[in-house]
Amino acid sequence: MPVTVTAVTPVRAVEGGRITIHGSGFPVENPNSITLGDAPARAAFASPRRMVIWIPEDIEPGRVPIRIQGLAGEAYVTVGARWATGLHQVDNLVFDKRGNLFVTYSGSRGQEAPVSVFRVTPTGSREPFVSGIVNATSMAFGPDDKLYVSSRFDGAVYRVADDGTHEQVASDLGVACGLAFDDDGAMYVGDRSGTIFQIRNAQARPFATLPPSVAAFHLAMSPDGDLYVSGPTLASYDHIYRIDPAGEVRTLSTPFGRPQGIAFAPDGSLHVVDALVGASAVYRFTGDDRPPEVVMTGGALVGIAFGPRGELAVSSNETAYRFE
């Protein structure tokens, strides 16, 4: 019986992620005979019409053919390339306008790492950029095109100059994590104890109140001016919060097991990292009331960012990956 593939979902993944192959005639007796390119692929589930396989470590990145003995036709998955390693990323990565990626070594509480923020060039060269910010947590570029970095240890936000030097611009923000700016230049900072602060003219005020989080708050400003926030709690499932400019809080209808990094794509769609153990994935919303679709999977994803040319970067705690 010939093997046919009707769909691969999702079509993008990084090492440690899982993809599902739909079709017919799959080799249930020997499911591990499937390869991705030249790399053996371990099956997590196998039936004649559906197979779930893991993306192996050290696989060659790019558009990788799925090889099954007897397959009539072609099937592919796009595997993200390792872009930077040796990190400690706890929130979103960020791009500048030139396509450089900024990542952190946040460290354990109170640990002052030799480098707080690295800059990774489009060619993959990792350069020390900022030192001296203890527990660098969240990053965002402001309307002045400067990088802003929060410290969950200091409860402060720092503005970074082009040469990597920095100055404190806000303080007394609790466990400061999550950064975003609106079109008027106001800065929003999440205190994972349960407060979202709004900062204008160096003055901070509580903007919204949310349930405390066991990890970082993650913030993203939508194209229409609403602030989106994720923050995992001890509950089995958590929702994404949508906060309008007046501070009114609503929740999106779809819950997640452990929502973390969030970002808006160039087309305006919201992307959410669900860091659920064993099923880490990136979900894409096409509307607040529509179920999101899985667009990428990975081993233990935390952060996400979109670059100036539409490129996508995701990260685990230790590694950043890139998709063109």
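**Group meeting talk: rings, strands and one serine**

Okay, let's start with rings: searching the whole structure turns up eight aromatic pairs. One of them is F102 with F129, and the ring centres are 5.3 Å apart with the planes at 65°, so we call that pair edge-to-face. F102 belongs to strand β12 and F129 to strand β14, residues 126-130, so this pair ties together parts that sit 27 residues apart in sequence. Before I go on, please keep in mind that this is a predicted model.

Are these two rings buried or exposed? The cut-off for buried is under 20% relative accessible area. F102 comes out at 3%, so F102 counts as buried. F129 has 13%, so F129 is buried too. And there's a third ring to mention: ring pairs link F102, F129 and F141 into a cluster.

While we're on rings, let's look at a couple of arginines. R18 lies over the face of W54, and the distance to the ring centre is 5.2 Å. Then there's R322, whose charged end sits over the ring of W83, 4.3 Å from the centre.

Now back to β12, for the loop that follows. Between β12, residues 101-104, and β13, residues 117-120, there's a loop, and S106 is in it. S106 is buried, with a relative accessible area of 1%. What does S106 touch, if we skip residues up to four places away in sequence? The list is H88, V90, Q111, N135, A136, T137 and R152. With A136 we can say a bit more: its backbone oxygen is 2.8 Å from a polar atom of the S106 side chain. Also, S106 and Q89 are 17 residues apart along the chain, but their C-alpha atoms are separated by 6.3 Å.

Next up, strands. Quick reminder for anyone new: strands of a sheet pair through backbone hydrogen bonds, and the pairing can be parallel or antiparallel.

Let's take β19, residues 176-181. Six of its six residues are buried, so β19 is largely enclosed by the rest of the structure. Its partner here is β20, residues 187-191, and the two pair in the antiparallel sense over five bridges. If you want to find that on the screen, look for L179, which stands opposite V189 in β20. The hairpin of β19 and β20 has five residues between the strands, and G185 there takes a positive phi near 90°.

There's another hairpin, made of β21 and β22, with two residues between the strands. In its turn, N201 has a positive phi of about 50°. Strand β21 covers residues 195-200 and β22 covers 203-209, and they pair in the antiparallel sense over six bridges. One of the partnerships is T195 with T209 in β22.

Last stop is a sheet. Which strands make it up, and in what order? It's an open sheet of four strands, running β23-β24-β25-β26, with antiparallel pairing. At the edges we have β23, residues 218-221, and β26, residues 249-251; each has a single partner strand, so one side of each is left without a neighbour in the sheet. On average, neighbouring strands of this sheet are turned by 25° against each other, direction ignored. For the edge strand β26, the pairing with β25, residues 241-243, is antiparallel over three bridges. There, Y241 has T251 in β26 as its bridge partner.

That's my tour, thanks for listening!

Definitions and conventions:
Residues numbered from 1 in each chain as written. Predicted model: local features only at pLDDT ≥ 70, side-chain atom pairs only at ≥ 80, totals over all residues. Heavy atoms only, no water. Buried < 20%, exposed > 50% of the residue type's maximum accessible area, 1.4 Å probe, protein only. Pairing = 2+ DSSP bridges. Contact = heavy atoms within 4.5 Å. Polar contact = N/O pair within 3.5 Å; in protein donor to acceptor, adjacent residues only side chain to side chain. Phe/Tyr/Trp six-rings, centres within 6.5 Å; stacked < 30°, edge-to-face > 60°. Lys NZ or Arg CZ within 6 Å of the ring centre and 35° of its normal. Axes fitted to C-alpha atoms, helices over the stretch in contact; angles between N-to-C directions.
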